[in-house]
Amino acid sequence: MSELFKQLRPILERNAAYHAALSLFSWDNETLAPENAIELTSHIIGTLSMESYSLLVNDNVKSLLEQLSKADDLTESETAIVRILTKQQEDIWKIPPEEYREYNELSAIASSIWAKAKEENNFLSFVPSLKKIISFQKKFASYRKKEGQSLYNVLLNDYEEGITTQFLDQFFDKLHTHLVPLIQRIGQKPQMEHAYNSFHYPKEKQETFCRFLAEHIGFDFSRGVMAQSAHPFTDSLHNHDVRITNHYYEDSLESAIFSVIHEGGHAIYEMNISDDLTLTPATMVSMGVHESQSRFFENMLGRQIEFWKPIFPHLKETYPEQLVNVTLDTFYHGINLSQPSFIRTEADELTYPLHVMVRYELEKQLIDGNLSVEELPEVWNQKFKEYFGIIPPDAANGVLQDVHWANGAFGYFPSYVLGSAMAAQIYSYMEKHLPVKELLETGDLKPIREFLAKHIHQYGAMRPMNRLLNDMMGEGLNVDYYIQYLTEKYSKLYSL
Ligand code: ZN
């Protein structure tokens, strides 16, 4: 390690400590914290975020990072750490400290206001908070923007470096052109047998089966835990403490199953990040790449018949009465059923990208255009009708369903579809090098995990998305693989 980089170590350690503490609070807020804790806890969160702010925003760190940026004896991981810390510092430096604190407290409270509004199906009660969040986001983006850059592009870059509305407009346009006719043709076909999914599935049994599934895909319980929350998510303190949550609906078999495979995919990524990078700001490339790994496990692996061959008997043993008449073939068709629905997180693989497209178009207008918060529910419903042919019955099934905007995460949604597209592309490459289906059939996922760890996970944020994909496959992100995958899969499933 270079002498100069050694000077950065204590700063990295303090930075990691603040981030781990903040992560732990956000984990706790979603899982165990009592209902009325949030108001006071948000002050603690505010104080901690100020500590991490003043750690980075000072002249000593600035000059150290400037020297390190010019150093030529850094390793690849050290270079990545310096690059990302510099960007974080530059971004945060432009925001006045009072505004930074006020915003962090606001966003901690806004998500509980959103949760209540959703529960009561009352969009108006969320309007004032959402307006404040948007005005902060726009203000912060304007501090950080480069000349000629739109505010929404600044926000998109927080989640996926180099992605612009220009790229996304084409990306979504291509998806729209190919998927809408496919969805319409499926709408005219007889639907899959799916009644088994909504029988009664006791929570405890679901939890036990999901634990088994997490282990089956390679989630390491000596370095991870699984808890319950309103919405499943993954949180990571470092590569030896990765946490996933799940939510068990007793009238749905599949919801928790695919959530645990999805979050398990996120967690396996975090667990495989190199020891040189964990506890530094350079742990992951982007939300899109992270999502590519969760979706790889959930969709590319978890929705294949071969994945279920070795474990379907265990599923039937767990629910002997509910699944008495369900064959592997029925189950395989059921888990791949496609039909328009209101809730993004419950949507099937084929209609999913259109759910994100609705949000992408609204966000763009909220940040760069003239769409007002008051108009949101109506415009949401119009778009929904246009893409799916159905209108949400209420705000909870429409504009209020996601927590992202309450958290200030504008520009985040596109990552989900970028991730799906990457997952399809990576799968097509992996199949040329590994007998994926055979491995799934034998229940041995280790070579698959090792392949992903070798080409993606270990690098953390060392290589930006397109470089990572290029180094692996000789090609950057290409949406055609995703379109081809969906078209072939669903044409076969529905005998089109
Ligand atoms: Zn995810």
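How many cavities of 30 Å³ or more does the structure hold? Keep in mind that this is a predicted model. The answer is two, and they make a good place to start our walk. Rolling a probe the size of a water molecule over the atoms shows where empty space is left.

Let us begin with the largest cavity, which offers about 40 Å³ of space. Its lining is made by R359, W380, G398, V399, Q401, D402, W405 and F413. Sorted by class, four of these residues are nonpolar, two are polar and two are charged.

Next comes the second largest cavity, with about 30 Å³ of space. Here you will find W114, F123, F126, L130, V399, L400, D402 and W405 around the space. The classes in this lining are seven nonpolar residues, no polar ones and one charged residue. If some names sound familiar, look again at V399, D402 and W405: they help to line the largest cavity, and they also appear in the lining of the second largest cavity.

From these cavities we can turn to a pocket. The second largest pocket has a volume of about 610 Å³. Its lining counts 20 residues, and those closest to the centre of the pocket are Q304, K437, Y485, E488 and K489. Which helices build this lining? At least two residues each come from α11 (287-301), α12 (305-308), α14 (328-335), α17 (414-433) and α21 (480-493). Helix α21 gives the largest share, with seven residues. By class, the lining of the second largest pocket has eight nonpolar, five polar and seven charged residues.

Our last stop is a pair of strands. Strand β2 covers residues 234-238 and strand β3 covers residues 241-246; the two pair in the antiparallel sense over four bridges. Within this pairing, S236 stands opposite V242 in β3. A hairpin through two residues takes the chain from β2 to β3.

In the loop between these strands sits N239, a residue worth a closer look. Is N239 buried or exposed? N239 counts as buried because its relative accessible area is 4%, which is under the 20% cut-off. What surrounds it? Leaving aside residues up to four places away in sequence, N239 touches R223, E270, M271, I273, S274, D275 and T278. With one of these neighbours, D275, the side chain of N239 also shares a polar contact of 2.8 Å.

How values were computed: Residues numbered from 1 in each chain as written. Predicted model: local features only at pLDDT ≥ 70, side-chain atom pairs only at ≥ 80, totals over all residues. Heavy atoms only, no water. Pairing = 2+ DSSP bridges. 1 Å grid on protein atoms, 1.4 Å probe; cavity = no way out; pocket = protein on both sides within 12 Å on 5 of 7 lines; lining within 4 Å. Points joined across faces, edges and corners; volume = space filled by probe spheres on them. Nonpolar A, V, L, I, M, F, W, Y, C, P; charged D, E, K, R; others polar. Buried < 20%, exposed > 50% of the residue type's maximum accessible area, 1.4 Å probe, protein only. Polar contact = N/O pair within 3.5 Å; in protein donor to acceptor, adjacent residues only side chain to side chain. Contact = heavy atoms within 4.5 Å.
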